[in-house]
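I opened a notebook on this structure today. These entries record what I looked up, in the order I looked.

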Amino acid sequence: MDDKDTPRVGAAVRRRRRTLGLTLAAVASRSGLSVPFLSQIENERARPSARSLDRVAEALETTTGRLRAAADSARAVDVVRAEEGEGVRRLVRGRHQLSALEFTGEPDLGREFQHRNDELMYVVGGAVDVEAEGQVHRLEHGDTLFLSGGVRHRWRATVPGTRLLVVAVAEHIDATFDSRR
């Protein structure tokens, strides 16, 4: 594997380590790698071999695939043009830490949702009714609604031409906090 094929995973390793509340010393102990080497990885001054990356991933309770995906998403620049979709439009393409969708029109998906991670709804235009935790919230132009991970909810547009922006931590990211750890 030449240098160009070796993953640059430093930012992903650092984010995952901090999410778990671990120090570099703790990851070093778990992985059998040195603190200076792990610091170099996190600061993009060293690229780990496949075996070292496996050891880091295991120490961080994840997989090399997830670290690589998080690393790839950390360097993305992508423009999504307004004309690239109607109805439901992805505002962030690919597999990233952030998921963003725009719903246009009067979609009533007729189902309840429950996501593991946090979500924010913003009404760009029109109005929606959002039922969450047994209470209905009427949102109009400019209103936002935050839902923490795990909250069951459903929504429907109540005005023709409604535009709703839904932004969330992507499902493949474990952003939940487990206080038992």
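**Entry 1: a salt bridge to start**

I began with E112, which counts as partly exposed because its relative accessibility is 37%. I note that the model is a predicted one. I then looked for the salt-bridge partner of E112 and found R152, with the closest N and O atoms 3.5 Å apart. E112 sits in the loop between β2 and β3 and R152 in strand β8, so the pair ties together parts that are 40 residues apart in sequence. R152 is partly exposed too, with a relative accessible area of 43%.

**Entry 2: the overall layout**

I stepped back to see the whole protein chain. I noted five helices and nine strands. Read from the N terminus, the order is α-α-α-α-α-β-β-β-β-β-β-β-β-β. The chain has 181 residues, and buried ones make up 37% of them. I looked up the exposed surface next: about 10,700 Å², of which carbon and sulfur atoms supply 47%. I also checked the contacts with a separation of 6 or more. Residues 24 or more positions apart account for 64% of these.

**Entry 3: the helices and their core**

Which residues have the most contacts inside the largest nonpolar core? I found V13, L38, V56 and L67, in a core of 17 residues. Five elements give two or more residues to this core: α1 (10-20), α2 (24-31), α3 (35-42), α4 (50-59) and α5 (64-74). The largest share is four residues, and α4 supplies it.

I followed V13 further. Leaving aside neighbours within four places in sequence, V13 is in contact with I41, E42, V56, L60 and L67.

There is also a second, separate core. This one has 16 residues, among them F113, L145, V151 and W155.

**Entry 4: charges among the helices**

How many salt bridges does the structure hold? I count eight. One of them joins the side chains of R17 and E42, at 2.6 Å from N to O. R17 is in helix α1 and E42 in helix α3, so this pair links distant parts of the chain, 25 residues apart. Are R17 and E42 buried or exposed? Both are buried. I also found R14 in the picture: R14, R17 and E42 are linked in a network of salt bridges.

**Entry 5: the open sheet**

I turned to the strands. As a reminder to myself, strands of a sheet pair through backbone hydrogen bonds, either parallel or antiparallel. Here four strands form an open sheet in the order β3-β8-β5-β6, with antiparallel pairing. The edge strands are β3 (113-114) and β6 (135-140), and each pairs on one side only.

I looked at one edge in detail. β3 and β8 pair over two bridges, in the antiparallel sense. Q114 stands opposite R152 in β8. That R152 is the salt-bridge partner of E112 from my opening entry.

Another salt bridge involves β8. R156 forms it with D129, and the closest N and O atoms are 3.7 Å apart. R156 lies in strand β8 and D129 in strand β5 (residues 127-132), so the pair ties together parts that are 27 residues apart in sequence. R156 is partly exposed, with a relative accessible area of 40%. D129 is buried, because its relative accessible area is 17% and the cut-off for buried is under 20%.

**Entry 6: the pairings of β4**

Strand β4 (residues 119-125) runs antiparallel to strand β7 (residues 144-147), and four bridges join them. The bridge partner of M121 in β7 is L145. L145 also appears in the second core.

β4 pairs with strand β9 (residues 162-169) as well, over six antiparallel bridges. L120 stands opposite V167 in β9.

**Entry 7: one aromatic pair**

I searched the whole structure for aromatic pairs and found one. The rings belong to F103 and W155. Their centres are 5.0 Å apart. Why does the pair count as edge-to-face? The planes stand at 70°, and over 60 degrees counts as edge-to-face.

F103 lies in strand β2 (residues 98-105) and W155 in strand β8 (residues 152-157), so the pair ties together parts that are 52 residues apart in sequence. F103 is buried at 8% relative accessibility. W155 is buried as well, with a relative accessible area of 7%.

Terms used
Residues numbered from 1 in each chain as written. Predicted model: local features only at pLDDT ≥ 70, side-chain atom pairs only at ≥ 80, totals over all residues. Heavy atoms only, no water. Phe/Tyr/Trp six-rings, centres within 6.5 Å; stacked < 30°, edge-to-face > 60°. Buried < 20%, exposed > 50% of the residue type's maximum accessible area, 1.4 Å probe, protein only. Pairing = 2+ DSSP bridges. Core = buried A, V, L, I, M, F, W, Y, C linked by side-chain atoms within 4.5 Å. Contact = heavy atoms within 4.5 Å. Areas by Shrake-Rupley, 256 points an atom, 1.4 Å probe, with all protein chains shown as cover. Salt bridge = Lys/Arg side-chain N within 4 Å of Asp/Glu carboxyl O.
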